Amino acid sequence: MKRILTPFGFIGLGLLIFVFYMLAPFQLNPFRDFSVVYLTNKAFLYGIPIYSYPQQVEFIKALTPPGFEFHPFPYPPWFSLITLFLGFLEIAIAAKVW
């Protein structure tokens, strides 16, 4: 019996869905609740610890509009690690993929 989704087929399907969402024409405001996950991951990629709120605020000031209120990361550390790939993308694209 043939397998419908082999591991390569599963990865290919995931990449196809990922590319679709990157190119999708819908608009989202990325500076809402998604920003906590994204900006924490972005800071982590630059060497700032996940729960170091003062260092994150200093780093994030350059990435966000004036008056943006950033909240501390409320999730367990594994959540940041499984969503770390979002930090490599631009915030608008990462919000669509999310």
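These legends describe close-up views of a predicted model.

**View 1. A nonpolar patch on the surface, with Tyr 21 as one of its members.**
Five residues build this patch: Leu 13, Leu 16, Ile 17, Phe 20 and Tyr 21. The patch is nonpolar and covers about 500 Å² of surface. Tyr 21 belongs to helix α1, which spans residues 7–23. How accessible is Tyr 21? Its relative accessibility is 34%, so Tyr 21 is classed as partly exposed.

**View 2. The two faces of helix α3.**
Helix α3 runs over residues 53–60. Which residues of α3 are buried? They are Gln 56, Phe 59 and Ile 60. These buried residues lie on the same side of α3, because they cover an arc of only 90° around the axis. Pro 54 and Glu 58 sit on the other side of α3, and both are exposed. The buried residues pack against helix α2, residues 34–45. Val 57 is also part of α3. With a relative accessible area of 24%, Val 57 is partly exposed.

**View 3. Gln 56 and its contacts.**
Gln 56 is a residue of helix α3. Is Gln 56 buried or exposed? Its relative accessible area is 1%, so Gln 56 is buried. What does Gln 56 touch, once neighbours within four places in sequence are left aside? Its contacts are Thr 40, Ala 43, Ile 48, Pro 49, Ile 50, Tyr 51 and Phe 70. The buried side of α3, to which Gln 56 belongs, packs against α2.

**View 4. A salt bridge between Lys 61 and Glu 58.**
The two side chains meet with an N to O distance of 3.4 Å. How many salt bridges does the model contain? The count comes to 1. Lys 61 has a relative accessibility of 54%, so Lys 61 counts as exposed. Glu 58 is exposed as well, because its relative accessibility is 53%. Within α3, Glu 58 is found on the other side from the buried residues.

**View 5. Thr 64 and the backbone of Ile 60.**
Thr 64 is in the loop between α3 and α4, the latter being residues 77–82. Thr 64 has a relative accessible area of 13%, and therefore counts as buried. Where does the side chain of Thr 64 reach? It reaches the backbone oxygen of Ile 60, at 3.1 Å. Ile 60 is itself one of the buried residues of α3.

**View 6. Val 36 of helix α2 beside the segment that holds His 71.**
Val 36 belongs to helix α2. Val 36 is buried, because its relative accessibility is 13%. Not counting residues up to four places away in sequence, Val 36 touches Phe 70, His 71, Pro 72, Phe 73 and Pro 74. Val 36 and His 71 are 35 residues apart along the chain. In space, their C-alpha atoms are separated by 6.6 Å. Phe 70 appears here as a contact of Val 36, and Phe 70 is also a contact of Gln 56.

**View 7. Helix α5, seen through Ala 92 and Ala 94.**
Helix α5 covers residues 91–97 and includes Ala 92. At 44% relative accessibility, Ala 92 is partly exposed. How far apart in space are Ala 92 and Met 22, C-alpha to C-alpha? They are 9.0 Å apart. In sequence, the separation of Ala 92 and Met 22 is 70 residues. A second pair is Val 57 and Ala 94, 37 residues apart along the chain. Their C-alpha atoms are separated by 20 Å. Val 57 lies in α3.

Definitions and conventions
Residues are numbered from 1 along each chain as its sequence is written. This is a predicted model: local features need pLDDT of at least 70, side-chain atom pairs count only at pLDDT 80 or more; totals for chains, interfaces and linings use all residues. Side-chain values use heavy atoms; hydrogens and water are left out. Patches are made of residues with over 30% relative accessible area and no salt bridge: like charges are joined within 9 Å, nonpolar side chains (Val, Leu, Ile, Met, Phe, Trp, Tyr) within 5 Å. Accessible areas come from the Shrake-Rupley method with a 1.4 Å probe; for residues, only the protein chains shown count as cover. A salt bridge is a side-chain nitrogen of Lys or Arg within 4 Å of a carboxyl oxygen of Asp or Glu. Helices (H or I, at least four residues) and strands (E, at least two) are DSSP runs, numbered from the N terminus. Buried means under 20% relative accessible area, exposed over 50%, partly exposed in between (1.4 Å probe, protein chains only). Contact means heavy atoms within 4.5 Å. A polar contact is a pair of N or O atoms within 3.5 Å; within protein, one must be able to donate a hydrogen and the other to accept it, and residues adjacent in sequence count only if both atoms are side-chain atoms. The arc is that of the directions from the helix axis to the C-beta atoms.
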